[in-house]
Structure formats: structure tokens, C-alpha cells
Amino acid sequence: MHINEEANSKFGAYIGGKILILPCGKGSNGWASHFYSASVAGHEPTAWVIEKLDSRCAACIVELGIPAVVETEEEACKIIHDGEYIRVDGNHGTVEILRRAE
């Protein structure tokens with residue numbers, strides 16, 4: 001599955017096996033079904049970090065069973081950058097930056 005919104009700065013990027021850092025869900029509740037379809041096809045993300053939880057994001061988390069940290073205290077989208085190695089612990093609600101991007 002690739003990001004297919006042309007206005008997105010990550011347009012065309014492949015999300016399978018990646019940790020997705022999102023401010024929130026976008027669009028209709030069909031948003032979650034796209035991630036479900038990607039999962040069935042073997043292209044699901046490895047984990048989620050979501051700043052603001054909404055019904056679309058919650059549906060993805062429950063449906064896919066992928067580790068997630070939500071309702072972050074800080075703006076994860078501004079703190080975590082492409083190419084960084086991070087660890088997401090959904091059980092404890094923590095995100096750890098292991099190696100910064102160069």
C-alpha cells in the first residue's frame with residue numbers, strides 16, 4: 001500500500017512494514033477499511049503513533065491488532081523524522097527514538 005493523496009508530502013511512499021506517525025485519521029470511516037485491505041494483502045504497517053485518537057484510527061488499531069501509542073503528550077509528527085529508528089511499546093504507551101536520522 002502506498003500513500004495516494006497527491007497533496008501529501010509522502011505521496012507514493014510504501015507503508016508496509018513501517019511505523020506510521022500520524023496526527024489523526026482523515027476522511028470517512030472507509031479510511032480504516034483501506035488499511036484492513038492492505039493488511040490482508042500483507043502490506044500493513046508495523047506500528048502506529050497517533051497524536052489524536054478518533055474512530056477511524058481506533059478501528060484500525062482494533063481491527064489489525066498492530067501495536068499503537070495514541071494521544072501523545074507531544075507532537076510526534078514534529079519530533080520523529082523519516083529515517084529514524086524508533087521503538088513503539090503499545091503495552092506501556094511509550095515511543096523511544098533509538099537512532100536519529102542523519
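Trainee: In what order do the 3 strands of the open sheet come, and is their pairing parallel or antiparallel?

Mentor: In this predicted model, strand E1 (19-22) and strand E3 (68-70) are the edge strands, each pairing on one side only. The twist from one strand to the next averages 10°. The open sheet has parallel pairing, and the order of its strands is E1-E2-E3.

Trainee: Which residue in E2 stands opposite Ile21?

Mentor: E1 and strand E2, which spans residues 47-50, run parallel and are joined by 4 bridges. Across this pairing, the residue in E2 that stands opposite Ile21 is Val49.

Trainee: Where around the axis of H2 do its buried residues lie, and how wide is the arc that they cover?

Mentor: Helix H2 (residues 55-64) lies across E2 and E3, and its direction is at about 155° to E2. The buried residues in H2 are Arg56, Cys57, Cys60, Ile61 and Leu64. They lie on the same side of H2, because the arc that they cover around the axis is only 135°.

Trainee: What covers the buried residues of H2?

Mentor: H2 lies across two of the strands, E2 and E3, and is followed by Gly65, whose phi is positive, near 65°. The cover over the buried residues of H2 includes E2, E3 and helix H1 (30-40).

Trainee: Why does Glu71 count as partly exposed?

Mentor: Glu71 lies in the loop between E3 and helix H3 (76-79), and its phi is positive, near 55°, although the residue is other than glycine. Since partly exposed covers the range between under 20% for buried and over 50% for exposed, Glu71 counts as partly exposed because its relative accessibility is 43%.

How values were computed. Residues are numbered from 1 along each chain as its sequence is written. This is a predicted model: local features need pLDDT of at least 70, side-chain atom pairs count only at pLDDT 80 or more; totals for chains, interfaces and linings use all residues. Side-chain values use heavy atoms; hydrogens and water are left out. Two strands pair if DSSP finds at least two bridges between them. Axes are lines fitted to C-alpha atoms, for helices over the stretch in contact, and angles run from 0 to 180 degrees between N-to-C directions. Contact means heavy atoms within 4.5 Å. Buried means under 20% relative accessible area, exposed over 50%, partly exposed in between (1.4 Å probe, protein chains only). The arc is that of the directions from the helix axis to the C-beta atoms.
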